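Reader: Walk me through this one, please. I'd like to start with the vocabulary and then get to particular residues.

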Amino acid sequence: MLASGVCTHRAGAEARLLDGTRITDHWFELPLDHARPEGARIRVYAREYVSGTDPDSAAPLDSSAEDGAAGAQDGLPWLLFLQGGPGGKGVRQAQLGGWMKEASQRFRILMLDQRGTGLSTPANRNTLPLIGTPEEQADYLVHFRAPSIVQDAELIRLMLGAEPWTVFGQSFGGFCALSYLSWHPEGMSRALITGGLAPLDGPADRVYRATYQRMRARNEEYFGRFPEDRQILGRVYDAVRAGETGAALSVVLPDGSPVTVGRVQMLGMFLGGNTRMDQLHYLLQEAFERVPSAAGTFTEALTHTLTDTFLHGLYQQVSRATNPLYLVMHESIYAQPAQVSHAQPGSPPAAQLAPPPEDATATAWAAQRVLRSFSDLADFDPDRTAHPLLTGEMVFDWYADLDPALRPLQSVTEELARRTDWGPLYDPKALAANTVPTAAAVYTHDVYVDRDLSLETASRVQGLTVWETDAFHHDGIGDDGPGILRRLLEMTGP
């Protein structure tokens, strides 16, 4: 039961983008803990987009209308977009393009800043320490997972006076869509999911055991396409190690934090997309300084000095200054109660899984534990190989210690990693009886959300139709958002 009576909504003045798109800011005051609506409140922000080509878009929005119901005066139904993450704010568009331009032909779009992000009540190095001890901060952040996010969304829908809406979830947003189908399917007319079918049960270890294998294949694909980059990356590792041992100057990022082999491995985040692979190649091409080999000649020689261009590109991949919850909350997106965490339908035999921690409901740095537990992952481990493979969406316990934006959050991050009293993320019984039309794009070679685990989940959601494709990687909607959206809409009816 949602306590909408204790919530408030304020709509801001409308504005226009360059292409005529109408945007309206919305602020909602909502309970921190939906089970205790009389308790602390937080602010959740969302931005509404209505296409400038919609014939009703010229009508002014009556922001004084009760409960924001005036937002429904234009004829378009709503589409709620839940972005990836965790810890990612809603997309800021200067003009509509990609999937949003396509969607705007049929929908008014609500772009949510999920709790803790963007213009919603912030959760970062400046605000979280004000909550109290690391334990108190962890108690606070427990309410920043998918079930709370979708309860926010359902209250927002009710306050907008909207009919059940289309929910479009990308990556972690797809995890949230599964939570929405679990807890508030009455608020959804359809669900569209791209690269975001989370495992419904089992420990986080299952995810990383699978995604390390996906990342190995993606590494080989990359170096097969750009074989010279294997040598360049090896030289980068050598330069970093030389700095760590004192054989050369220490290598630091623009924020003054040290470059380590593990942080260089995080360049594997580029491998999550089709065209981002090329961006990694361009960055490695400019990794080392070049100087004239002789006075008066144009011949250049490579040095052992990493360029500012490369270090800035690396900084953009490893810094969590703009999305600290990505690290702080990352493994908690898989954390569930003991009876759920221990379940492993369709998983590998126990001998193939990492040794569990004392209480398997604690995530306890699962990606790191899996890496160190298996001899077949030595090629990812910088302690076991000089030139390790690139990693993907794996987080490690050294992450917060090295990033200045995360250092004040190191204790709460460790507290969350030790935590065992997690609530459920999904309701498998509700999903098995689902009646909301649902379509999911599953990317065959997705390195972040494993294809096999995704299909396992799809088989347990009634009425979910899968479109599996090897034409895209994890961020496919960035490559052909309009085409993917059209496909999923067709799969879920008119």
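Author: Let's start with burial: a residue is buried when its relative accessible area is under 20%, exposed when over 50%, and partly exposed in between (1.4 Å probe, protein chains only). This is a predicted model, in which local features need pLDDT of at least 70 and side-chain atom pairs count only at pLDDT 80 or more, while totals for chains, interfaces and linings use all residues. Residues are numbered from 1 along each chain as its sequence is written, and side-chain values use heavy atoms, with hydrogens and water left out.

Reader: Got it. What percentage of the residues in the chain are buried?

Author: Let's set the scene with the secondary structure. The chain has 17 helices and 11 strands, that is, DSSP runs of H or I with at least four residues for helices, or of E with at least two for strands, numbered from the N terminus. Of the 494 residues in the chain, the buried share is 57%.

Reader: How many residues are in the largest nonpolar core?

Author: A nonpolar core here is a set of buried Ala, Val, Leu, Ile, Met, Phe, Trp, Tyr and Cys residues joined through side-chain atoms within 4.5 Å. In the largest one, the residues with the most contacts inside it are Leu141, Trp165, Tyr212 and Phe310. Apart from it lies another core of 24 residues, with Trp99, Ala439, Trp467 and Leu488 among them. As for the largest core, its residue count is 120.

Reader: Which elements do the buried residues of α2 pack against?

Author: Helix α2 covers residues 134-141, and its buried residues are Gln137, Ala138, Tyr140 and Leu141. Seen down the helix axis, these fall within an arc of 155° (taken from the directions from the axis to the C-beta atoms), so they line one face of α2. Residues three or four places apart point the same way because an α-helix has 3.6 residues a turn. The elements that the buried residues of α2 pack against are β3 (41-50), α10 and α14 (410-418).

Reader: Now charges. Which residue meets Glu456 in a salt bridge?

Author: A salt bridge means a side-chain nitrogen of Lys or Arg within 4 Å of a carboxyl oxygen of Asp or Glu, and the structure holds 23 of them. Glu456 sits in helix α16 (residues 451-458), and its partner is in helix α5 (residues 204-225), 250 residues apart. Glu456 is buried at 13% relative accessible area, and the partner is buried too, at 4%. With 2.8 Å from N to O, that partner is Arg206.

Reader: And which residue forms a salt bridge with Arg209?

Author: Arg209 is also in α5, and its partner is 167 residues apart, in the loop between α12 (366-373) and α13 (399-402). Arg209 counts as buried at 16%, whereas the partner is partly exposed at 36%. The closest N and O atoms are 3.3 Å apart, and the partner is Asp376.

Reader: How far from buried Arg320 is the nearest side chain of opposite charge?

Author: Arg320 lies in the loop between α9 (308-318) and α10 (325-328), and despite being buried, Arg320 has no salt bridge. A polar atom of its side chain does lie 3.5 Å from the backbone oxygen of Gln317. Leaving aside neighbours within four places in sequence, Arg320 is in contact (heavy atoms within 4.5 Å) with residues including Met269, Tyr326 and Asp403. Counting Lys and Arg as positive and Asp and Glu as negative, with His and the chain ends not counted, the nearest opposite charge is Asp403, at 6.1 Å.

Reader: Any backbone oddities? Which residue does a cis peptide bond join to Gly85?

Author: The residue sits in the loop between β4 (78-82) and α1 (98-103). Omega is about 5°, and the partner of Gly85 is Pro86.

Reader: Is Ser171 buried or exposed?

Author: Ser171 is in the loop between β6 (165-170) and α4 (172-183). Although Ser171 is not a glycine, it has a positive phi of about 60°. Its relative accessible area is 7%, so Ser171 is buried.

Conventions
Polar contact = N/O pair within 3.5 Å; in protein donor to acceptor, adjacent residues only side chain to side chain.
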